[in-house]
Amino acid sequence: MVYENDIVPELDEKLRSDFEKNKESNRQIAELDSKLSNGGTYRDAEAYAYEMGEALTKTFKDNLSSETLPDGKMYYNIFMRTVDPMIRETYKDATAAAAKAQANVNEAAGLHVKVKEAVLNDDRLHTMVNILTNNDAQYDDVSWVVEDKITNIIQSAVDDTMKANADFHAKMGMSPKIVREAESKCCEWCKDLAGTYEYPLDSDEEMVYHRHANCRCVVEYYPGDGRVQNAHDKTWREEEAEMRRQERILNDMQTQNFEQVKTKGEAITEKRYQDILIRRVDGLKNEVYISEKANASLRNIKNMDKDMTSAIKVYKGDINHRPRLVVVAPEELRSGVFAKYDEINNTIYAIPQVGDRKAIIPIQKEAEGACANNPKATMYHETWHWMQAEDYRKNIGSTTEVAHSNYIEIVAERSFERLDAKPGMVYNIMQISGYAKEKGEFRRFDEVEAEYQTSKALKR
Ligand SMILES: [Zn+2]
Ligand SMILES: [Zn+2]
């Protein structure tokens, strides 16, 4: 369809130039920006986001009305090409300001970890879009929603970023502290929320990150002490709990009488967190090994071998670089996970159940993975991690000489770029599975992408 009179290009230009003017004429925006570059904290980022939100609100108020819009209405396609991208860009801008505040706070606490940035939660936009683009509505009758919501959405960039970092620090074993001061003119609701909040938060304490329209309460963030001693213990505690959980699942499943696979080859020592004794399994498409401690039938191993081969084919991977497959006992994967791609050994490690068409289903469901009902999902997921390593080796460098955490950071970033074909896309993709959502919130877009590719490959 061709719009005979497409008002969008002209309207978009006007909106953008007005927004620039509104920002320039607000001295606070520039001042706060420079403050944030020189040690400013969340207080400054919050004020910055507020001013940016107000500048954007004013821009829309000045330019959008029943008189200027075709039929007096905000059509969905006009919204998506003008208002939507400007909100997203401004949200990103406010996120960057919050990230500066977080970096300053980290610096002051002597904490050297990467700053997390928030991703816009599309739910925040939906109500507004629905009201504005309601078929029967004249724009002037619904434009109040712009005044009500825009600044609030932009402010949420700062609150969301604080939450992402606080959650992350808490996961590392620190005890972050949030201090919320009610603005003097604010309401009872905000007065109730004022106070000091220490992690771990109860579910009702998560409200500390919330704001109603026009809320100017100041929320400050303190990373907390004891990080060095606790970080290690905490990680271990979590890993142990995870391992016990996996063990429980495995025990709950019917114990099967495996016909242990016969291997003739010599035992090789596999260097991982611990040394694993493995032997080659002959007669398969791929280079496959089994640990002495793993109890797997040949059928299970053949299934994994087959799934890996078909995943490589579907993903159009280079079979000359194919990963090895090492079948291990659950206790040999330290963190209790059931499968894992290792970029240093170019190997997929998996427990025997991954090749068991029945047993793998409850495990995948428990992990809330994509296509959990499809027994091939785990191998497809891990094979996509191999594709990411292939991309890294081709475009960045060797995967054996980089620290694992740096490797993951780069891979996650590259995954994000591939997924972010259009604004908001990544958030939608994160809804594929509970696992993708959880990982995406910690910016582990490598995991989100593995989930996405798995479901794309298996749903066809
Ligand atoms: Zn308030
Ligand atoms: Zn993964």
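This report describes the fold of a predicted protein model, its six-stranded sheet and one of its helices.

## Basis of the model

Residues are numbered from 1 along each chain as its sequence is written, and chains are lettered from A and ligands numbered from 1 in the order in which they are written. Because the model is predicted, local features need pLDDT of at least 70 and side-chain atom pairs count only at pLDDT 80 or more, while totals for chains, interfaces and linings use all residues.

## Overall composition

The protein has 17 helices and nine strands (DSSP runs, numbered from the N terminus: helices are H or I with at least four residues, strands are E with at least two). Of its 460 residues, 37% are buried (20 or more other C-beta atoms within 10 Å of the residue's own, with C-beta atoms placed from the backbone).

Contacts (C-beta atoms, placed from the backbone, within 7 Å) were counted between residues at least 6 apart in sequence, and 68% of these join residues at least 24 apart.

## The six-stranded sheet

Six strands form an open sheet in the order E4-E5-E6-E7-E9-E8, with mixed pairing (two strands pair if DSSP finds at least two bridges between them). Strand E4 (268-271) and E8 are the edge strands, each pairing on one side only. From one strand to the next, the twist averages 30° (axes are lines fitted to C-alpha atoms, for helices over the stretch in contact, and angles run from 0 to 180 degrees between N-to-C directions).

At the E4 edge, four bridges link E4 to strand E5 (residues 275-281) in the antiparallel sense; Thr269 has Leu277 in E5 as its bridge partner. Helix H11 (residues 298-314) packs on the sheet and touches E5, strand E6 (288-291), strand E7 (324-327) and E9, with its direction at about 155° to that of E7. Helix H13 (residues 377-395) also packs on the sheet, where it touches E8 and E9; its direction makes about 15° with that of E8.

## The E8-E9 hairpin

Strands E8 (residues 339-342) and E9 (residues 347-350) run antiparallel and are joined by four bridges. Ala339 is partnered with Ala350 in E9. Four residues separate the two strands of this hairpin, and Asn346 in the turn has a positive phi of about 45°.

## Helix H16

Helix H16 spans residues 434-441, and its buried residues are Tyr435, Ala436, Lys439 and Gly440. They line one face of the helix, because seen down the axis of H16 they fall within an arc of 125° (the arc of the directions from the helix axis to the C-beta atoms).

Helix H15 (425-430) and helix H17 (445-458) are among the elements that cover these buried residues. After H16 comes Arg443, which has a positive phi near 60°.

Technical notes:
Buried ≥ 20, exposed ≤ 12 C-beta atoms within 10 Å, placed from the backbone. Contact = placed C-beta atoms within 7 Å.
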